[in-house]
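Trainee: Mind if I quiz you on the labels people hang on a model like this one? I'd like to see the cut-off behind each of them.

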Amino acid sequence: MGVLYVFSCGFLFYALLALLLCRKIAKKTTVKTGWAMAFGLVALPVVLLAVGAMIDAQRAAT
């Protein structure tokens, strides 16, 4: 349970910093660029972690 807590806090801290960076980018360029950076910095790692976890769980089940 402690590992999940540390992982969650770490991810929230990372997401906060990434979103602040994306907001700064959106102010200097276009809002569309800010959203693209937000997807690349926040959503893409989450998707990759979820896919990796599913692959690992499937290997463990066999």
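Trainee: Why is Cys-9 called partly exposed?

Mentor: Buried means under 20% relative accessible area, exposed means over 50%, and partly exposed is in between, with a 1.4 Å probe and protein chains only. Cys-9 has a relative accessible area of 35%, so it's partly exposed.

Trainee: And what makes Cys-22 buried or exposed?

Mentor: Its relative accessible area is 4%, so Cys-22 goes down as buried.

Trainee: How many disulfides are there?

Mentor: A disulfide is a pair of cysteine sulfur atoms within 2.5 Å. By this rule the count is zero.

Trainee: What should I keep in mind about where these values come from?

Mentor: This is a predicted model, where local features need pLDDT of at least 70, side-chain atom pairs count only at pLDDT 80 or more, and totals for chains, interfaces and linings use all residues. Residues are numbered from 1 along each chain as its sequence is written, and side-chain values use heavy atoms, with hydrogens and water left out.

Trainee: Okay, how many helices and strands does the protein have?

Mentor: Helices (H or I, at least four residues) and strands (E, at least two) are DSSP runs, numbered from the N terminus. On that basis the protein has two helices and zero strands.

Trainee: How do you know whether the protein is spread out or compact?

Mentor: Take the radius of gyration over C-alpha atoms and set it against the globule rule, 2.2 Å times the number of residues to the power 0.38. The rule gives 11 Å for 62 residues, and the protein comes to 15 Å, well over that, so it is more spread out than a compact globule. The C-alpha trace spans about 50 × 25 × 5 Å along its principal axes, and 10% of the 62 residues count as buried.

Trainee: What makes Phe-13 part of a nonpolar surface patch?

Mentor: Patches take residues with over 30% relative accessible area and no salt bridge (a side-chain nitrogen of Lys or Arg within 4 Å of a carboxyl oxygen of Asp or Glu); like charges are joined within 9 Å, nonpolar side chains (Val, Leu, Ile, Met, Phe, Trp, Tyr) within 5 Å. Phe-13 sits in helix H1, residues 2-28, and its relative accessible area is 55%, so it's exposed. Together with Leu-16, Leu-17 and Leu-20, Phe-13 makes a patch of about 410 Å², with areas from the Shrake-Rupley method, a 1.4 Å probe, and for residues only the protein chains shown as cover.

Trainee: Why does Phe-39 count as exposed, then?

Mentor: Its relative accessibility is 51%, so Phe-39 gets that label. Phe-39 belongs to helix H2, and so does Lys-32, which is exposed at 71%.

Trainee: And what about Ala-50?

Mentor: Ala-50 is also found in helix H2, residues 31-61. Its relative accessible area is 39%, so Ala-50 is partly exposed. From Ala-50 to Phe-7 is 43 residues in sequence and 14 Å in space, C-alpha to C-alpha.
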